[in-house]
Amino acid sequence: METLRHVVVLVHLVGFATLFGAWLVAAVGDRKITRLQHWGLAIAGVAGLALAAPWGITWELNYVKIGVKLVVLLVIGALLGIGASRQRKVGSVPAPLFWGIGVLTLLNAALAVLWR
């Protein structure tokens, strides 16, 4: 069971890396929201929810940390949705919205690593 949990952690990290990597490439390039960012968010979110289930562990889960990370993930999703909509209508994403996605994505990773 522990091996399966480690595989889900790996999938969660791949989702984060996809989201942040696609954002970083867009930040260096044309600052657009891409489909790959949406996929990275979905992968990280589904794997994160699977990790929040208390299966195969002997310790108590930190539900406050899980809740904060979920809220940050939902805000990132909202920013991606709003930014993609603005991008379709206007042709560009407002700079604060675009940079907010990257900062919140990095914040979510920092919460995962630093909050014990």
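Here is a short tour of this structure, with something to select at each stop.

**Stop 1: the whole chain**

Before you click on anything, bear in mind that you're looking at a predicted model. Show the chain as a cartoon and you'll find four helices and zero strands. If you follow the sequence from start to end, the pattern reads α-α-α-α. Now turn the chain around: its C-alpha atoms fill a box of roughly 50 × 25 × 20 Å along the principal axes. The chain has 116 residues, and 35% of them are buried.

**Stop 2: the nonpolar core**

Next, select Trp23, Ile33, Leu41, Ile76, Leu80, Phe98 and Ile101, and show their side chains. These are the residues with the most contacts inside the largest nonpolar core, which has 18 residues. Which elements give two or more residues to this core? They are α1 (2-28), α3 and α4 (95-114), so colour those three if you like. Helix α3 provides the largest share of the core, with six residues.

**Stop 3: a nonpolar patch on the surface**

Switch to a surface view and pick out Met1, Leu4, Val7, Val11, Leu36, Trp39 and Ile43. Together they make a nonpolar surface patch of about 680 Å². Helices α1 and α2 are the elements that give two or more residues to this patch.

Zoom in on Val11, which sits in helix α1. Is Val11 buried, partly exposed or exposed? Val11 counts as partly exposed because its relative accessible area is 38%, and that label covers values between 20% and 50%.

While you have Val11 selected, add Leu97 and draw a distance between the two C-alpha atoms. You should get 27 Å in space, for a pair that is 86 residues apart in sequence.

**Stop 4: a positive patch**

For the last stop, select Arg35, Arg86, Arg88 and Lys89. These four gather in a patch of positive charge on the surface. Which helix gives the most to the positive patch? That's helix α3 (residues 63-90), with three residues. You have already met helix α3 in the core, where six residues come from it.

Now click on Arg35, which belongs to helix α2 (residues 35-51). Arg35 has a relative accessible area of 64%. Exposed means over 50%, so Arg35, at 64%, is exposed.

Technical notes:
Residues are numbered from 1 along each chain as its sequence is written. This is a predicted model: local features need pLDDT of at least 70, side-chain atom pairs count only at pLDDT 80 or more; totals for chains, interfaces and linings use all residues. Side-chain values use heavy atoms; hydrogens and water are left out. Patches are made of residues with over 30% relative accessible area and no salt bridge: like charges are joined within 9 Å, nonpolar side chains (Val, Leu, Ile, Met, Phe, Trp, Tyr) within 5 Å. Accessible areas come from the Shrake-Rupley method with a 1.4 Å probe; for residues, only the protein chains shown count as cover. A salt bridge is a side-chain nitrogen of Lys or Arg within 4 Å of a carboxyl oxygen of Asp or Glu. Lys and Arg count as positive and Asp and Glu as negative; His and the chain ends are not counted. The place of a charge is taken as NZ of Lys, CZ of Arg, CG of Asp or CD of Glu. Buried means under 20% relative accessible area, exposed over 50%, partly exposed in between (1.4 Å probe, protein chains only). A nonpolar core is a set of buried Ala, Val, Leu, Ile, Met, Phe, Trp, Tyr and Cys residues joined through side-chain atoms within 4.5 Å.
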